[in-house]
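Notebook open. I wanted to look up pockets, domains, salt bridges and cavities, in that order.

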Amino acid sequence: MESSVKSKPDRKTTQRGSEALWLQAGYDMLVDSGVEAVKVMPLAKALGLSRSGFYWHFEDREALLEALLQMWEAKNTGNLVRRTQAFAETITEAMFNLYDCWLDDGLFDARLDRAVRGWAHNDPAVQARIDRADAQRKAAIMEMFLRFGYSAAQAEARAMTVLYTQVGYISMRVEEPLEERISRMPDYAAVYTGQTPTEAEIRRFRARHAGRKE
């Protein structure tokens with residue numbers, strides 16, 4: 001016979017929070033205030049939890065920082081590579097696939113990218129992670145151009161132009177209305193590829209971002 005008594009939440013569990021909760025708090029501090037602000041006591045205070053709750057989920061502060069770097073690598077670099085590999089019939093359609101990263105925070109987190117690059121200014125190990133990620137991104141974009149018949153030299157030059165432009169865009173904290181940005185993307189695609197997107201490609205690109213909020 002099953003007991004009719006409902007189990008109560010573990011008080012210790014509610015006091016220590018979840019790993020995801022601590023990781024989100026660490027992310028918030030990193031993107032808002034920089035890596036130096038990501039410390040255990042301020043995180044515990046922000047969450048209204050005890051320090052011991054943090055150590056239940058992470059061995060130390062370095063473990064949390066590593067988890068944040070892995071989040072950055074998986075989301076920003078991983079998704080960018082996958083978008084360059086998405087099906088496209090033309091290079092301009094492939095560029096629109098990549099542009100999804102610049103419009104969808106779920107695919108690419110610009111604030112996190114900027115924060116990690118800022119972190120690297122005083123941390124050679126993090127700079128090495130960035131160098132590796134940028135090399136992966138560059139190789140993926142190059143391969144996208146190569147797939148559509150560009151020479152190796154052209155593919156590299158165009159990939160570097162795409163990558164460095166976006167890094168600069170993020171670093172400069174460019175602010176513009178979403179519709180204005182989307183309206184410029186067909187022209188950007190023409191600059192990057194040397195080809196003009198078709199009206200059908202532009203319509204499909206706009207359709208999948210219709211209703212997206214600022």
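**Entry 1: the largest pocket.** I sorted the lining by class and got eleven nonpolar, one polar and twelve charged residues. The model is predicted, so I note that the totals for linings use all residues, whatever their pLDDT. I then looked up the volume of this largest pocket, which is about 670 Å³. Its lining holds 24 residues. Which of them lie nearest the centre? I found Trp 102, Asp 105, Ala 110, Glu 175 and Arg 181 there. Next I checked which helices take part. Helix H6 (91-103) and helix H7 (110-120) each give at least two lining residues. Helix H9 (152-171) and helix H10 (178-193) each do so too.

**Entry 2: the second largest pocket.** I read off a volume of about 300 Å³ for the second largest pocket. Its lining counts 18 residues, and those closest to the centre are Val 35, Leu 65, Trp 119, Asp 123 and Val 126. By class I have eight nonpolar, three polar and seven charged residues in this lining. Which helix gives the largest share of the lining? H5 does, with five residues. I listed helix H5 (61-84), H7 and helix H8 (124-147) as elements that each supply at least two residues here. I also looked at the lining by domain. Domain 1 (14-58) and domain 2 (69-208) each contribute at least three residues to the second largest pocket.

**Entry 3: the two domains.** That sent me to the domain split. The protein is divided into domain 1, residues 14-58, and domain 2, residues 69-208. I took the centres over C-alpha atoms and found 31 Å between them. The contact uses six residues from domain 1 and six residues from domain 2. How much area do domain 1 and domain 2 bury between them? I get about 620 Å², with 73% of it on carbon and sulfur atoms. I then searched the interface of domain 1 and domain 2 for salt bridges and the rule gave one.

**Entry 4: salt bridges.** I ran the count for the model and it came to 16 salt bridges. I wrote down two of the pairs. Asp 100 pairs with Arg 208, and their closest N and O atoms are 3.0 Å apart. I asked why this pair ties together parts that are 108 residues apart in sequence. Asp 100 sits in helix H6 and Arg 208 in helix H11 (residues 199-208), so the salt bridge links those distant stretches of sequence. The other pair I noted is Arg 111 with Asp 32. Here the closest N and O atoms are 2.5 Å apart.

**Entry 5: the cavity.** Last, I looked for enclosed space. How many cavities of 30 Å³ or more does the rule find? The count is one. I put the volume of the largest cavity at about 40 Å³. I listed its lining in full: Leu 80, Trp 102, Phe 108, Asp 113, Arg 117, Arg 137, Leu 163, Gln 166, Val 167 and Ile 170. By class that lining has six nonpolar, one polar and three charged residues. H7 and H9 each supply at least two of the lining residues. H9 gives the most, with four residues. I saw one name from an earlier entry again. Trp 102 lines the largest cavity, and Trp 102 is also among the residues nearest the centre of the largest pocket.

Terms used. Residues are numbered from 1 along each chain as its sequence is written. This is a predicted model: local features need pLDDT of at least 70, side-chain atom pairs count only at pLDDT 80 or more; totals for chains, interfaces and linings use all residues. Side-chain values use heavy atoms; hydrogens and water are left out. On a 1 Å grid over the protein atoms alone, a cavity is a set of points where a 1.4 Å probe fits but cannot get out, and a pocket is an open set with protein on both sides within 12 Å along at least five of seven lines; lining residues have an atom within 4 Å of a point. Grid points are joined across faces, edges and corners, and a volume is the space filled by probe spheres set on the points. Ala, Val, Leu, Ile, Met, Phe, Trp, Tyr, Cys and Pro count as nonpolar, Asp, Glu, Lys and Arg as charged, and the others, Gly among them, as polar. Domain bounds come from an automatic or database domain assignment. Contact means heavy atoms within 4.5 Å. Buried area is the accessible area (1.4 Å probe) that two parts lose on being put together, summed over both. A salt bridge is a side-chain nitrogen of Lys or Arg within 4 Å of a carboxyl oxygen of Asp or Glu.
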